[in-house]
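Reader: Please take a close look at the cysteines in this structure. I would like to know how they are paired, where they sit and how they relate to the strands around them.

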Amino acid sequence: MICPGFEPNWAVEFICDGEEMTSNFVDAFSGSEITYTPGSVTILSEKPWGFSTDHGISGLVAYTPGACQDESDRFFDFTLTTTDMPGYTGQVAPICCRIE
């Protein structure tokens, strides 16, 4: 599952391998190339799914069938609401997530 944010351009990617979950923090504007920083994920709750990564990102991912509309007017089934994001103050708008 990937949840891409914007302004600043970033994403958090969740990777499941069996019963283990890891994450990548994807920074699209850290320099001349996109960087991927691997990390761990701690599950905090279910329905909605609460998580925290060691990148300093935490939030809730809710199943919202066809209800999350991104900036390009596409619709997705999962919505991320961040509660913490490093280097960013203020409210981050809900972010659409997709399964890849």
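Author: The model is a predicted one, and a hairpin is a convenient place to start. Strands β2 and β3 form this hairpin, with two residues between them. Gly18, in the turn, has a positive phi of about 70°. Eight bridges pair β2 (residues 10-17) with β3 (residues 20-27) in the antiparallel sense. Within this pairing, Cys16 stands opposite Met21 in β3.

Cys16 takes part in no disulfide. The nearest cysteine sulfur belongs to Cys3 and is 12 Å away, whereas a disulfide requires the two sulfur atoms to be within 2.5 Å. Cys16 is also exposed, because its relative accessible area is 57% and the cut-off for exposed is over 50%.

On β2 there is also a contact with β1: the two strands run antiparallel and are joined by four bridges. Here Cys3 stands opposite Val12 in β2. Cys3 has a relative accessibility of 0% and therefore counts as buried, the limit being under 20%.

Cys3 is bonded to Cys97, with the sulfur atoms 2.0 Å apart. This disulfide links distant parts of the chain, since Cys3 lies in β1 (residues 2-5) and Cys97 in β8 (residues 95-97), 94 residues apart. The torsion about the S-S bond is about 110°, so the disulfide is right-handed. Cys97 is buried as well, at a relative accessible area of 1%.

A further disulfide joins Cys68 to Cys96, and the distance from S to S is 2.1 Å. Cys68 lies in β6 (residues 58-69) and Cys96 in β8, so this pair ties together parts that are 28 residues apart in sequence. For Cys68 and Cys96 the torsion about the S-S bond is about -95°, so the disulfide is left-handed. Cys68 is buried, with a relative accessible area of 6%. Cys96 counts as buried too, at 8% relative accessibility.

The count comes to two disulfides. With the bonded cysteines of the protein numbered in sequence order, the pairing is 1-4, 2-3. Strand β8 holds Cys97, the partner of Cys3 in β1, and β8 also holds Cys96, which is paired with Cys68 in β6. As a general point, side chains in a regular strand alternate between the two faces of the sheet.

Technical notes
Residues are numbered from 1 along each chain as its sequence is written. This is a predicted model: local features need pLDDT of at least 70, side-chain atom pairs count only at pLDDT 80 or more; totals for chains, interfaces and linings use all residues. Side-chain values use heavy atoms; hydrogens and water are left out. Buried means under 20% relative accessible area, exposed over 50%, partly exposed in between (1.4 Å probe, protein chains only). Two strands pair if DSSP finds at least two bridges between them.
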